[in-house]
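User: I am new to reading structural models. Could you guide me through some features, giving the general idea before each case?

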Amino acid sequence: MDIKTGWFLSIVVTILVILIYYNPDNYKFINNQQGYKPDQPIAFSHRVHAKDNAIPCLYCHFAAEESRHAGIPSANVCMNCHREIKKDSPEIQKIVKAIKTNTPIVWTKVNSIPDFVYFNHSIHINRNIKCEKCHGDVASMDKVYRANKLGMGWCISCHREYTHKVLKLEPGSQVLVDCSVCHY
Amino acid sequence: MDKKQENRYWTKLEEVEPEVNDALQNSEKSTTRMNRRTFLELLTLSFAATSCTKFRKPVQKIVPLLNKPEYHAPGTSLWYASTCGGCPAACGTLVKVRDGRPIKLEGNPDHPLNQGGLCAIGQASLLGVYDSQRLKQPMKKGQPVDWQTIDAEITTQFQKLVRAKKKIVLLTGTIHSPSTRAIIDEFLRTYPLAEHLSYEPVSLTAIRRAHEKTHGKALIPAYRFDRTRVIVSFDADFLGTWLSPVEFTRQYASQRARLLEERKPLLHVQLEARVSLTGSNADKRMIISPDQQKAYLLWLSKWLAQKAGQTTWLGTLANQQGLEGVQSEHLRELEKLADILWTNRGKSLVLSSASDENSQVVVNFINQLLGNYHRTILLSHASQQNQSDDLAIKNLLDEMKGGQVGALLIYDCNPVFTLPEELNFMEALKGVEVTVDFNQFDDETTELVQYLCPDHHYIETWNDAEPQVGFYSLFQPTIRPLGNTRAFQESLLRWMGRNDTYYQYLKKYWQKNIFPKQSRFLTSLKFWEKALLDGFVDLRQNRETAYVFSQKAVKSAIEKLAEIKSNSGAFSLEIHPSHAVRDGAYTNNPYLLEFPDPVSKVCWTNYVSVAPRTAQQLNIKDGQYLQITWQGKTLEVPARIQPGQQAGTFSIAMGFGRKRAGTFGTGVGVNVFPFTTFKDDHFEFICQEIQVQPLNRFKKFALIQTEDLLHNRPILLETTLAEIDKADHTVQEHNYDAMVIWHGHKFEKHKWEMAIDLNKCIGCGACIVACEVENNIPVVGEEEVHRRREMHWMRIDRYYKGELENPRILYQPMLCQQCDNASCESVCPVLATIQSSEGLNMQIYNRCVGTRFCANNCPYKVRRFNWFDYPHNDLSANLILNPDVTVRSRGVMEKCTFCVQRIEAVKIKAKKERRPIRDQEIQTACQQSCPADAIVFGDANDPDSQIAKLKENSRKFKVLEELYVKPSVTYLKKVETHDV
């Protein structure tokens, strides 16, 4: 094989491979999952719930006020409304089936941080940080994607900029940037 | 070549000689085919490009509950009040349950027995529930069967035995549960020839029998160390393994602290041969051999009887011969001790671990002379924590051999392993038609029985306990049973033809029997709910019942003791319970295997303790194997030279050398149970006249501490009662001309600090295991410990002081000192360890690259390096991991963080409630579990906090203060007592 042909072929093959496998949903930069938009087991639309019907975030993500995790709503929370509304939709039927067969619904995490980072939802909610600040305009998303980088630099930038005056905290309270606030 | 070219730097031949270059290029051009190098280039390019498209995070799944309980949010912990089932002491616990799985046990601070402390065994026993080697289903002759088959077969077998008039015997460990006792009673009524026996390898039968003789009641009294001024203990290891160690430790340490406030000593004298944990804490250790104990008891009783003017009825006591055994050098000390005891009548306590009845009768006599009954010894609160009758066990074996026993049901004991070899339990078992074992784990006994009906782990089941008469403690399940197991009580109910669950039975029992005893609650439901919430109900009688002290019993006991002559000169072997694994029930628990003996600091094995003098005499080196021969039995065991050991006595811990313990415990150490015997009416743990032969083999011990001496450096400081209030001159003030990188950190909001009271710390090591469980610290194994790679964030340093024959032993908990001028911080090239704004020395795992400079530069040697990815492949055992703490990977440095996850959790809680953090709201894991309450943690910036006050205590000092690293841990000096 001629050297030029070799180069040409390999570049063509590489481009082909990239074209075939490239998926904007799961690739941006290494370790940056901004824009990650996985498929979910149930075609749940945040736009319909949070925007059109104006259901507050904390109605379903019940744990965000008291726990580290915001919590994915359990199936019984869905059925609070869907016992009456759109009962026959095939997507709702998936929840009905899950409850009947006692098999939990396995969702795919969109907004996630590494295991060595301890982010606590409850304190942020308590300090009036809006959900959209980190999660983006979820109310306009049909299929949820990761709106922000959720990297350490991105976290720290807020922690530096939000002084206790901005947050109107009680005197003595401070927004910390110590490593041990998140890493332990 | 022009000048420019001459001055040019060149690196290749081609650059200076263009001809050569051209020639080279021509030769390359001539081959237009692809060569090896180009091929590799192309391959790399396409590989890199292809893999670029593959950079994606592994998809993480998230599984919400189908039906969420109202009270629980994922990621938060629920706490349940329960009881520890680690040993029969029944300490109260709080079980931390995270998303449905219990991950940590903590002592219940409101529980009157342990008052918040929890020992190492209790902490580690939680791992048992996740043990993947647990028996998960009923079995018949090694084959899995279902419960219905077992129930049907066993009931028919029982009926057959009833017709054949054969005995059904229930052989259990200590049953302190009143409802279980009621079920057993019903079972005994259902099967007329049935019998129930309690068996503990190390029993306190002698105390029970002695009280029957002297007080007319067979009981073990409750001891109140918190009312004493003088404690004299004959080998009773009450802080380590004897009866109820956590309860006693709390009483002992609190009494020490209370008396110190009044500037008075608590005098504790221990007379023993081996160096026990209790002995190492004594103000005075008198080294006597186990068989001298009787002579010392006689001597003391004689002296005190004379003082009390009671010699007239004790004719023999005046001129008995047994007193010869008292060493002449101890006579003066004993006289002084007797004087002190006499002046502290009613405020003293004399204890003995003796397993023979006569010695215990004399102990009762001494306590009676001193007026300790009803004061420091309470008969009304009789302890139920150890129930066993050695003689009954011997009789059972005789009956088994005689074919009278038709069925043997074994629960919560391992007789094949623990019974003396001469009783030949294995042979006797063959004569029994039906054998059932309720054990949760595969052990030596389960191997030989027909039916295995595994019980739940105590975390999974309901239960109750009555550790002291009138004091009830509740167990509640905090996880669903992980296997197809069934409560022991439920099995008995089925075999009685009853269908109720144990929970129903228990609730009904409480309603019927315990509810009527109290008057606070009007409805039994309210009573039950409160009991469940608190975890216990205290209905102990505070009125002591009168008794008549039988002097006749004392007289005959003294006469019998006086007959016994001590054989000095020959070597004897003393077998004692292991501090970590007790009688072998925990030999497969990795936390406890790596838990060092408090005195010798050896882990992962047992050994024979040899006195330095004996070692010199027999030319024994540390770690050398010894062949011990006694009555035709031999044992090969490594020797550990133990300062303070009695010269003629060799001591070995029991519980090791198990043949069927599981992956971790099988074959670890040496089994000494074959050397135990049945003598007169009790199990004997002392072998007289042994032969010792050093072998030419050596063992490398896995040691947690390798340096025993202080080298006169101010690491551990002591003071005396007289000097305690005087100005402190021990810590030298330095003029620090040395360059310091930092010009003082500012801690504006909080400053987390710790204080450790060395006068309270007894060195039991509960904090070590509490820290391991809380912080996901891996167990590394014997070989790695031997290479000094153990991962314990907290260790207890033990130092010897004084003469080699009988040194003073001092303990010092050592953990990261969270220095303000930390020497580790200045050497980290990647800033993985830096100072926080709250005085913590942070360790950031994800930043660490593993240079280990910090560990080298740490003067306290408290940093631990992950040499490996310690295996986390047992998915079941992983469930104990604390989700609030990162599991560290290979190549990362780690160390104590002052439980920063707990600090952050409380900070968040307080912030949400818009209030400042309360003092003592944050408790580190070590502080929480400390039975002696020696550790205090808090915010030193808060002037009202306990820590701020302790920092100003007259006993304060900091370890290696002269290094100017400014540690955040303040130690309080130990107070030496010189009264005897």
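Analyst: The turns below treat cysteines, nonpolar cores and a sheet in this predicted model.

User: How many disulfides does the structure hold over all chains?

Analyst: A disulfide is a covalent bond between the sulfur atoms of two cysteines. Here there are zero over all chains. Cys767(B), for instance, is in no disulfide, and the nearest cysteine sulfur, belonging to Cys926(B), lies 6.3 Å away. For Cys858(B), also in no disulfide, the nearest cysteine sulfur is that of Cys824(B), at 6.4 Å.

User: Is Cys858(B) buried or exposed?

Analyst: Residues under 20% relative accessible area are called buried. Cys858(B) has 9% relative accessibility and therefore counts as buried. Cys767(B), at 7%, is buried as well.

User: Which residues have the most contacts inside the largest nonpolar core?

Analyst: A nonpolar core joins buried residues through side-chain atoms. The largest one in this model comprises 130 residues, and among those with the most contacts inside it are Tyr223(B), Trp242(B) and Tyr971(B). Helix 24 of chain B, residues 766–774, contributes the most to this core, with six residues. Beyond its close sequence neighbours, Tyr223(B) is in contact with residues including Trp242(B), Phe248(B) and Leu349(B).

User: Which strands stand at the edges of the sheet in chain B with the order 2-3-4?

Analyst: Strands are paired through bridges. This open sheet has three strands with antiparallel pairing. Strand 2 (77–83) and strand 4 (101–107) of chain B stand at the edges; each has a single partner strand, so one side of each lacks a neighbour in the sheet. Seven bridges join strand 2 to strand 3 (residues 92–98) of chain B.

Notes. Residues numbered from 1 in each chain as written. Chains lettered and ligands numbered in written order. Predicted model: local features only at pLDDT ≥ 70, side-chain atom pairs only at ≥ 80, totals over all residues. Heavy atoms only, no water. Disulfide = S-S within 2.5 Å. Buried < 20%, exposed > 50% of the residue type's maximum accessible area, 1.4 Å probe, protein only. Core = buried A, V, L, I, M, F, W, Y, C linked by side-chain atoms within 4.5 Å. Helix = DSSP H or I, 4+ residues; strand = E, 2+ residues; numbered from the N terminus. Contact = heavy atoms within 4.5 Å. Pairing = 2+ DSSP bridges. Lists of a residue's contacts leave out its neighbours within four places in sequence.
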